[in-house]
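Open your viewer and keep the selection tool ready. We will make a few stops, one after another.

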Amino acid sequence: MRAFDYARATSATDATAKAAAGATIIAGGTNLLDLMKLEVMAPEQIVDINRLDMNRIEHTESGGLRIGALVTNSDLAVHPVVRRDYAVLSRALLAGASGQLRNKATTGGNLLQRTRCGYFYDTAMPCNKREPGTGCQARDGFNRILAILGTSEHCIATHPSDMAVAMRALDAEVEIESATGIARTIPLVDLHVLPGETPHIETTLDEGDLITAVILPPPPGGVHRYRKVRDRSSYAFALVSVAAVLRIESGKIASCALAFGGLAPKPWRVAKVEDALTGQEPSPEIFDKAADILLADAKGYGANDFKIPLARRTLKAVLRESVEAAQ
Amino acid sequence: MTAHLKLDKPQSDRLGDMAQGVIGRETPRREGPLKVTGRAPYAAEVGDGTEAVGVFARATIAKGKVTKIGLDAVRALPGVCAVITDERLLRNPAQGTANTAPVQGGRDVAYFGQPIALVVAETYEQARHAAHGLEIAYDAAEDAAVTPEDAEPESLESKQIDIGDLDTAMSHAAHSMDATYTTPSQNSAAMEPHASIAVWKGDELTLHGSYQMLKFNRNELADSLGVDPEKVQIKSPYVGGGFGSKLGIAPEAVGAALAAKELGRAVRVVLTRPQVFEATMRRSETRQRVRLAADADGKLTGIGHSAWVSNLVGEAFSEPVAQATHFTYGGANRSYRHLIHRVNRTCAGSMRAPGEAVGMLALENAMDELAHAAGVDPVELRLKNIPDRHPEDDKPYSSRRFADCLTEGARAFGWHKRNPTPGQTRDGEWLIGLGMASAARGNILSESHARVTLHSDGTATVETDMTDIGTGTYTILGQITAEMLGLPLDRVNVALGDTAFPPASGSGGSWGAGSSGSAVFVACQNIRAALAEKLGMEEDQLTLTEGSVIRNNTREPLSAVLDDDLTVEGHIEPGDTSEEVQQAAFGAHFAEVAVSAVTGETRVRRMLGCFAAGRILNEQTARSQCHGGMIFGIGAALTEELVHDPRDGHIVNHNLAEYHVPVNLDIPQLEVMFLEERDAHANPLQSKGIGELGISGAGAAVTNAIFNATGVRVRDYPATLDKVLPGLPDI
Ligand SMILES: Cc1cc2nc3c(=O)[nH]c(=O)nc-3n(C[C@H](O)[C@H](O)[C@H](O)COP(=O)(O)OP(=O)(O)OC[C@H]3O[C@@H](n4cnc5c(N)ncnc54)[C@H](O)[C@@H]3O)c2cc1C
Ligand code: SF4
């Protein structure tokens with residue numbers, strides 16, 4: 001770990017000013033500290049935001065929920081309103097990491113956690129994300145946990161979060177304060193970007209931007225499911241995960257939101273998949289069609305080829321189960 | 001006074017005669033509370049904080065020569081005190097019981113991750129940063145062998161064995177099986193990383209380390225440094241798990257000693273978690289071909305077990321894959337091949353149950369495949385094939401309740417409920433299956449010394465350099481002493497893990513309890529004799545109980561009859577009984593798994609192991625050893641795999657997030673049954689080794705259950721979902 005200066009932010013403005021001047025924000029530290037120990041990230045200065053007043057969960061005027069960026073994964077998962085009205089989120093959170101990690105992990109930090117690609121974590125390896133232009137060692141290497149959708153020839157990393165997948169299905173928005181003091185709110189879909197030719201650029205955030213909250217729209221109702229497929233029963237990242245919020249009316253799928261983890265460099269959601277299902281009577285054929293659309297452009301890299309059939313099967317099972325629960 | 005016993009004949013059950021009820025009894029580990037409250041100092045924690053701290057810089061090529069090390073740039077960094085590039089640094093740890101230094105010299109790179117230089121600084125962070133930035137230039141070799149296929153295998157003459165004619169037996173067999181299984185590299189992943197603090201006083205070295213076999217480690221360390229072993233003391237009172245990874249002296253001990261000498265101050269070296277994976281012993285990957293020939297009834301007429309394993313150049317160890325195949329089942333025609341690929345991968349060494357842990361996966365899968373093909377119940381097939389005598393050298397078995405383990409275990413588990421046709425039992429989305437496998441592990445007695453003192457105040461002290469690696473040694477040595485000397489357990493003080501004490505067997509090969517316990521037994525037996533003589537009676541007339549002597553129907557406290565301490569150093573040595581009979585512990589595993597018909601995820605629902613391992617010295621610590629072994633087996637079956645990069649052999653998943661040992665939720669109801677057994681040939685305690693028995697076959701019970709659940713036979717371990725998926729029905 002490289003020696004660094006530490007400062008505790010006194011206000012959001014102070015945090016953004018320091019971040020704009022080059023400091024790296026630290027929240028729970030569960031990802032950042034690991035990366036610093038390995039010198040994958042080697043900030044000269046860090047700004048600690050943990051004392052800021054961003055750990056509340058409040059109702060919004062429109063009937064939604066505003067989740068402070070410092071709310072821990074543990075607290076968010078057990079919040080009664082989240083459990084009742086946004087069950088998919090509660091389930092996703094509890095499927096992530098371990099109890100100890102969830103106690104430290106924050107909402108903002110979870111959104112911005114880095115990939116778990118093994119080559120990214122080893123500074124002796126070429127990696128375009130860590131060191132642009134050096135190459136991607138994972139493509140022809142061990143890529144079992146990496147992406148099959150949204151990849152580029154420069155990077156095939158996944159975004160490893162469970163929480164963000166559920167938030168994506170819930171149409172969450174992200175509230176950001178910038179160093180110029182301007183606050184803005186963007187849809188979660190616009191937070192992360194695909195690797196393309198610049199895999200080191202992972203979000204649309206500017207230098208100095210501080211995530212202050214995540215906003216959930218009013219409760220969507222319906223059946224909530226989060227299914228995470230993984231190599232052991234707990235404490236393993238998703239190979240494939242599916243977040244589903246689905247409503248049935250008069251025997252037809254009235255609405256559905258489906259987001260996927262473990263498949264892509266960002267929480268993945270495809271409007272056409274949902275369009276194919278909406279208004280239809282549930283059937284294995286229509287589920288297959290949805291899976292066809294989801295996986296039309298899927299590309300395996302060897303060790304992760306299995307994710308293609310696995311994603312199809314998991315999606316179909318989640319749909320079947322959600323429909324059964326909704327009827 | 002010293003007392004010596006060489007095990008040339010079977011022993012009577014003297015320990016059983018004592019009838020104190022201390023031996024065998026469920027007794028929690030004595031040091032447990034210290035450990036869980038953080039008061040048991042581990043090697044890295046014993047210093048006073050003034051030590052300098054060393055961190056290794058590693059090789060980042062698979063093979064070649066170091067041409068230049070950028071010392072100057074790193075020496076200029078804040079806090080850096082020294083960069084050790086001494087030729088005496090170790091390439092890799094010593095193999096268990098090596099007793100001499102392993103390959104040394106940091107300039108020849110043999111694997112990615114090899115420690116090249118030790119950077120020492122005032123703080124851990126400074127040292128780690130400097131080590132990370134140390135520039136090392138190489139002349140990389142063109143001919144690195146990073147996968148076994150890259151290197152022509154060597155064959156070891158003594159392990160190419162043919163008895164009878166297996167090929168003919170296979171061609172005449174009513175039922176036969178010929179299949180190839182593979183198992184991946186694994187790591188023990190002990191919780192406590194490898195750590196040492198070295199302190200020199202003049203030419204005398206004290207090393208606080210985390211080691212399993214101190215008498216060997218002391219010689220290995222002395223040899224590595226080129227000093228007299230008499231000048232070296234190793235202390236290892238608490239070890240946070242070893243599983244074989246701490247059998248031999250390792251790079252961090254030698255690095256710490258060299259740095260401490262150069263700097264004239266104490267130095268601490270702790271491996272980082274990635275370094276534990278890269279630079280301590282791995283279990284070799286294996287490829288195994290198993291052939292079984294059977295007659296129409298399922299009686300074996302032949303067994304073949306060929307193994308391909310790997311290791312670095314210059315390492316004598318090679319995973320003894322077929323070890324238990326030799327003596328578990330009969331069959332007249334037998335064939336073995338053992339081949340070693342010399343690879344540029346992390347050194348391979350002993351990991352819990354070397355040989356059986358992987359060999360029994362393949363053998364027991366093959367037996368399951370044969371049972372299925374022959375239409376014989378898997379338990380029945382094993383029962384039919386238990387030989388009367390050792391099938392290869394015709395020795396009798398010392399004690400062997402193998403058949404009882406199979407039948408009693410099957411009864412307790414409810415094996416009869418199994419549907420022999422795969423894929424028939426469902427619980428919603430989950431396909432349910434039952435599987436079983438045998439367990440076998442050879443028993444070994446190893447030379448050991450222990451000093452026991454019966455103090456004049458009626459307490460006792462045991463001293464030996466034996467280690468307790470979390471297995472319960474403190475507790476059982478106390479129990480043996482208490483049982484023999486008629487003392488309440490809390491009056492026995494046990495001091496371990498210091499080479500200043502008499503040399504013990506060390507912890508490894510499942511021989512620790514039997515060997516070090518026998519040395520204690522021998523000492524106690526002679527204390528009894530000395531006491532009896534003093535009291536003018538025969539030893540076998542002497543009754544000691546609850547801290548008192550019973551004489552002429554009166555009870556006197558020991559303190560009243562002792563005017564001085566009585567000290568005896570006990571010494572046990574293996575003798576003819578190791579040669580004349582086949583000694584092994586046996587068992588049977590039964591597992592119920594659920595496999596998701598959607599995803600192929602396997603979850604073990606319950607598991608039962610039934611074992612016979614001679615006298616059980618402490619039901620609780622023995623059960624916990626078996627639990628641990630079964631959990632290792634579940635890990636091997638389902639999740640554990642060190643992944644080597646195909647281009648440079650480096651270990652890609654070198655952390656506990658991606659090297660998947662089972663977590664609590666992976667471990668269901670585990671039940672362990674012990675059958676009463678005594679083994680008079682094994683040692684005077686009549687016990688057999690148990691630390692590795694629980695892993696033997698455990699994983700095969702799980703994969704056999706996957707077959708029963710789904711009809712999918714995974715022959716390439718671990719059975720991760722991607723390997724099950726293609727065989728699942730459409731959904
Ligand atoms: C072993 C292990 C297993 C795990 N398993 C899972 C899993 O199964 N599923 C899962 O979803 N996650 C898992 N995680 C990841 C875990 O959820 C994240 O590490 C955690 O959510 C990060 O939050 P944090 O507050 O600790 O972030 P930090 O480590 O403090 O920060 C992460 C990043 O976010 C930035 N940041 C933090 N807060 C803000 C903010 N408010 N504004 C702007 N930037 C900010 C930091 O600068 C940093 O770059 C696992 C982690 C580990 C170590
Ligand atoms: S997949 Fe991305 S993160 Fe992994 S090595 Fe390639 S570029 Fe780096």
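Before the first stop, one definition: a helix axis is a line fitted to C-alpha atoms over the stretch in contact, and the angle between two axes runs from 0 to 180 degrees between N-to-C directions. Bear in mind that this is a predicted model.

**Stop 1: two helices in chain B**

Select residues 214–225 of chain B, which form helix H6. Add residues 251–263 of chain B, helix H7. Their axes come within 10 Å and cross at roughly 50 degrees. How do the two helices lie to each other? Angles from 35 up to 65 degrees are neither roughly parallel nor roughly perpendicular, so H6(B) and H7(B) are oblique to each other. The crossing of this pair, H6(B) and H7(B), is right-handed.

**Stop 2: two helices in chain A**

Move to chain A. Select helix H10, residues 284–295, and helix H11, residues 307–326. Here the axes come within 9 Å, and they cross at roughly 140 degrees. Roughly antiparallel would need an angle over 145, so H10(A) is oblique to H11(A). H10(A) passes H11(A) in a right-handed crossing.

**Stop 3: ligand 2**

Now select ligand 2. Where does ligand 2 sit? Its place is the largest cavity. Show the 13 residues around ligand 2. The nearest are A:Cys117, A:Cys127, A:Cys136, A:Cys155 and A:Ile156. Colour the shell by residue type: nine residues are nonpolar, three are polar and one is charged.

**Stop 4: two backbone details in chain B**

Most residues other than glycine have a negative phi, and most peptide bonds are trans. The last two selections depart from that pattern.

Select B:Ala189. Its phi is near 50 degrees, a positive value in a residue other than glycine. B:Ala189 lies in the loop between strand E11 (186–187) and strand E12 (195–201) of chain B.

Finish at B:Tyr717 and B:Pro718. What kind of peptide bond joins B:Tyr717 and B:Pro718? The bond is cis, with omega about -10 degrees. Zoom out a little: B:Pro718 is in the loop between helix H18 (698–710) and helix H19 (721–724) of chain B.

Conventions: Residues numbered from 1 in each chain as written. Chains lettered and ligands numbered in written order. Predicted model: local features only at pLDDT ≥ 70, side-chain atom pairs only at ≥ 80, totals over all residues. Heavy atoms only, no water. Near = heavy atom within 4 Å. 1 Å grid on protein atoms, 1.4 Å probe; cavity = no way out; pocket = protein on both sides within 12 Å on 5 of 7 lines; lining within 4 Å. Sits in = over half its atoms within 2 Å of the grid points. Nonpolar A, V, L, I, M, F, W, Y, C, P; charged D, E, K, R; others polar. Helix = DSSP H or I, 4+ residues; strand = E, 2+ residues; numbered from the N terminus. Parallel < 35°, antiparallel > 145°, perpendicular 65-115°, else oblique. Left-handed = near helix turned anticlockwise from the far one by under 90°.
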